[in-house]
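Trainee: I am new to this structure. Please take me through one helix and its surroundings, step by step.

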Amino acid sequence: MENQGRRANSSGNLLEQTVKNICIQKGFKLEKYQNYVKNRGLFEEREILLTNVPYKSVYGHNGKTEFLLKSEKYGLKTRIECKWQQVSGSVDEKLPYLYLNCIESMPEEHIILIVDGGGWKNGAVDWLKNAAKEKKYTCVGNCNKLIEVMSLSEFLAWANRTLC
């Protein structure tokens with residue numbers, strides 16, 4: 001019998017796979033960040049979706065985000081983080097940490113947080129959306145960041161509007 005953690009990972013992977021498929025359908029090439037950095041001179045891709053993109057967390061640890069969408073055509077360098085919570089659990093308690101990493105540690109000016117699944121505690125996603133919208137808390141370094149919090153369907157609508 002499959003345990004809850006394994007089901008959660010499977011659901012999260014499905015969310016990430018859906019984001020990949022949306023970007024591929026919009027003309028982006030998928031590539032691992034590590035391979036991209038090693039072979040940067042060989043890449044002619046102007047529209048690329050990088051996976052497992054590193055950053056240094058607010059704790060000073062190595063962190064990774066699912067995606068970095070780089071587009072010369074649309075002038076984008078957008079970090080994308082995916083969070084899926086289908087049943088109640090502890091992931092929603094990590095949202096303030098995620099937000100703090102967005103404002104203090106992730107270098108990109110545009111960050112999309114795809115938060116979906118319907119299992120979040122009441123108020124958790126609203127808190128994250130309000131924090132991003134109101135630019136709560138003092139940022140360190142780049143304070144001109146745009147952090148967007150959206151569901152998977154909102155991300156699809158964003159991709160359809162932005163990557164046309």
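Mentor: What follows is a close look at helix H4 and the parts around the helix.

First, the ground rules. This is a predicted model, in which local features need pLDDT of at least 70, side-chain atom pairs count only at pLDDT 80 or more, and totals for chains, interfaces and linings use all residues. Residues are numbered from 1 along each chain as its sequence is written, and side-chain values use heavy atoms, with hydrogens and water left out.

Now the helix. H4 covers residues 124-134. Helices here are DSSP runs of H or I with at least four residues, strands are runs of E with at least two, and both are numbered from the N terminus. Ala124, Val125, Leu128, Ala131 and Ala132 of H4 are buried. Buried means under 20% relative accessible area, exposed means over 50%, and partly exposed lies in between, with a 1.4 Å probe and protein chains only. Look down the axis of H4: the buried residues fall within an arc of 125°, so they line one face of the helix. That arc is taken from the directions from the helix axis to the C-beta atoms. The general rule helps here: an α-helix has 3.6 residues a turn, so residues three or four places apart point the same way.

Turn to the other side of H4. Lys133 and Glu134 are exposed there. Just after H4, lysine 135 takes a positive phi of about 50°.

What covers the buried residues? The cover includes helix H3 (95-104), strand S5 (110-116) and strand S6 (146-150).

Take one residue from S6: valine 149. Valine 149 is buried, at 14% relative accessibility. Leave aside its neighbours within four places in sequence. Valine 149 is then in contact (heavy atoms within 4.5 Å) with Leu113, Val115, Leu128, Lys129, Ala132 and Glu154. Among these, Leu128 and Ala132 are on the list of buried residues in H4. Valine 149 and asparagine 130 are 19 residues apart in sequence, and their C-alpha atoms are 9.2 Å apart in space.

One last stop is helix H5 (residues 152-162), which holds phenylalanine 155 and tryptophan 158, three residues apart, about one turn of the helix. Their ring centres are 5.6 Å apart and their planes are at 25°, so the pair is stacked. Rings of Phe, Tyr and Trp (its six-membered ring) pair if their centres lie within 6.5 Å; planes under 30 degrees apart count as stacked, over 60 as edge-to-face and the rest as tilted. Phenylalanine 155 is buried at 0% relative accessibility, and tryptophan 158 is buried at 5%.
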